[in-house]
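I opened a new notebook page for this structure. My plan was to look up charged pairs, a helix, a ligand site and one arginine.

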Amino acid sequence: MADDKKNYTTGFGATVDDDQNSKTAGSTGPLLIQDTHLLEKLGHFNRERIPERVVHAKGAGAYGYFEVTADVTRYTRAKFLSEIGKRTEVLARFSTVGGEKGSADAERDPRGFAVKFYTEEGNYDMTGNNTPVFFIRDPLKFPDFIHTQKRHPGTNLKDPDMFWDFLSLTPESIHQVTILFSDRGTPRTFRNMNGYGSHTFKWYNENGEYYWVKYHFKTEQGIQNFTRDEATVMKGQDPDHATRDLYEAVKRGENPSWRVEVQVMTQGQAREYRFNPFDVTKVWFHSDFPPVTIGKMVLNRNAKNYFADVEQAAFSPANFVPGIGASPDKMLQGRLFAYHDAHIHRLGPNYHLLPVNRPRAAGVNNYQRDGLMALGDNGGDSPNYYPNSFGGPEPSSGVAEPPFEVSGQAARNPYVHPNDDFFQAGELYRRVMTAEDRDHLVGNITGHLGNARKRIQLRQAAVFYKADAEYGSRVAEGLALDVKEVKRLADMTTGDRAKATA
Ligand code: NDP
């Protein structure tokens, strides 16, 4: 009814008299600069876009909850994990990594799998992927790696040479490359893929004892992937297919869910494990550290406004709660800096005040003040310094992470066992994949690597050969390369310090 209609106002609350006709001198114009509504409207429109994320630009999200299903209090004091049956509101965002905001959901790419837990002790973020490992394990390599997965500086095109040049000179990437070029590199939807915390994290309990953990979010919709032909078709048919699928499934009330598992390692086991447990290019074998189910994540509510709830959502692996902390994983340590810094650039220094990023079950009391877009009362007239004798918030030493030993020579230290880099990729190829998976893997690789120049094909084929002789030989044959030459290069490839010279 007309009476229920709200007045259309300017951004400052003044009622707008007409939004169809600009103010002009006579019916033909010119425009009058005193049409302040027009000036405000055009000015705001010009600023509608914020910088897109430099990685994970294209994404979709939904709200839901995490429910605890097992007692983990002997490992962690985190309150949101303290009781079987306890539920915590979550926001999950799924994404591709390398493409721009308008790119197709069906691209071959890892998928981001980020979850924000709105806990009573503050927000806890898991910024994972749909793969348990990563291409590199030192953050110093990250900007270069991402450059090679984006556009060539001269042609502004995706470039197979730079894509494979970097990877073949970075042999520790072989495990992730093998997963990416399996059909899991093109998941059918965001609902049909697993999520992994990828890094090793620390859990500590009330007694100050700590453990190392890895998270696995196992899809309850079942794993489903596109073949490369299906993915190619979908990119043209519906570039937003996974965004659409998630939105519509949640709207239909299907409540997509993931079983949450953890692997737990003691400090003693970490010292003795045959792989470096903090190397993000490696998994912990399930037979060595069996995953245990601890909870369930259910998504049951779409965002009302995509920009407010998903585009402005800012996840950071540095957002811990008491009971959870970092491991020495170098990539994780680099991300502890990079995410917060990226959000300050993209959303401004007060991005944590935006409704989607504000804690929902915990208060915020500190001495941060001012800055661009200081929303709310900015602390009112309460003290803006610490210590003070005017009743300002006090730190609480009871939440401190237990002390831990660090030692070693300060230097630009490489990983000590780079020759392990090929084994787990080989195991995936030999032990986990079916014959059909292996056929698809080799076809997916040759279809892409075949576009790079020959010397790069040779060097990369040698890396595959190093993981598994049959794997490398099949890639070489698919590319019409000399298998003997590939084997010779493989013998010279010895992990992340050495570079085959093709
Ligand atoms: P298992 O042999 O016990 O299980 C195989 C795992 O591999 C399952 O978790 C399965 O996921 C997953 N998987 C199957 N196909 C692919 C694929 N194309 N890409 C990525 N993952 C896939 O594992 P192990 O612990 O003995 O490790 C063997 C190899 O399995 C590892 O080298 C690693 O490559 C891979 N893997 C291991 C994981 C771990 O945390 N240990 C996690 C994921 C992969 P699902 O059960 O959902 O089908």
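Entry 1, a charged pair. I looked up Asp125 and Lys116 in this predicted model. Are they buried or exposed? Both Asp125 and Lys116 are buried. Their side chains form a salt bridge, with N and O 3.0 Å apart.

Entry 2, a pair between loops. Next I checked Arg191 and Glu254. Their side chains also meet in a salt bridge, at 3.2 Å from N to O. Arg191 sits in the loop between α4 (174-180) and β5 (195-196), and Glu254 in the loop between α6 (241-251) and β8 (257-265), so the salt bridge ties together parts 63 residues apart in sequence. I then looked at exposure. Arg191 has 13% relative accessibility. I call Arg191 buried because the cut-off is under 20%. Glu254 is partly exposed, at 41% relative accessibility.

Entry 3, another loop pair. Lys86 and Glu120 form a salt bridge, and their closest N and O atoms are 2.5 Å apart. Which parts of the chain does this pair link? Lys86 is in the loop between β1 (59-68) and β2 (87-96). Glu120 is in the loop between β3 (111-119) and β4 (122-129). The two residues are 34 residues apart. Glu120 is partly exposed, with a relative accessible area of 31%.

Entry 4, the wider tally. How many salt bridges did the count give? I noted 35 salt bridges. I also found a network of salt bridges that links Arg137, Asp279, Lys282 and Asp421.

Entry 5, helix α3. I moved on to residues 160-168, which make up α3. Why is this helix largely enclosed by the rest of the structure? Seven of its nine residues are buried, so the rest of the structure largely encloses it. The buried ones are Asp161, Met162, Phe163, Trp164, Phe166, Leu167 and Ser168. I checked what covers them. The cover includes α2 (142-149), α4, α11 (435-449) and α12 (454-467). At the N-terminal end of α3 I found a cap, Asp159. One of its side-chain oxygens lies 3.0 Å from the backbone nitrogen of Asp161.

Entry 6, the ligand. I counted 19 residues around the ligand. Which of them come nearest? They are His175, Arg184, Asn194, Trp284 and His286. I wrote down three polar contacts:

- The side chain of Asn194 has an N or O atom 2.7 Å from a ligand oxygen.
- Trp284 has a backbone N or O atom 2.9 Å from a ligand nitrogen.
- His286 has a polar backbone atom 2.6 Å from a ligand oxygen.

On its own the ligand has 790 Å² of accessible area, and the protein covers 81% of that. The elements that give two or more residues to the shell are α4, β7 (210-219) and α10 (423-432). The most come from α10, which gives four. I sorted the shell residues by type: nine are nonpolar, seven polar and three charged.

Entry 7, Arg53. I finished with Arg53, in the loop between α1 (36-46) and β1. Arg53 is buried, with a relative accessible area of 9%. What does its side chain reach? A polar atom of the Arg53 side chain lies 2.6 Å from the backbone oxygen of Ala313. The backbone oxygen of Glu311 is 3.5 Å from a polar atom of that side chain. Leaving out residues up to four places away in sequence, Arg53 touches Arg93, Val310, Glu311, Ala313 and Arg346.

Definitions and conventions:
Residues numbered from 1 in each chain as written. Predicted model: local features only at pLDDT ≥ 70, side-chain atom pairs only at ≥ 80, totals over all residues. Heavy atoms only, no water. Salt bridge = Lys/Arg side-chain N within 4 Å of Asp/Glu carboxyl O. Buried < 20%, exposed > 50% of the residue type's maximum accessible area, 1.4 Å probe, protein only. Contact = heavy atoms within 4.5 Å. Polar contact = N/O pair within 3.5 Å; in protein donor to acceptor, adjacent residues only side chain to side chain. Near = heavy atom within 4 Å. Areas by Shrake-Rupley, 256 points an atom, 1.4 Å probe, with all protein chains shown as cover. Nonpolar A, V, L, I, M, F, W, Y, C, P; charged D, E, K, R; others polar.
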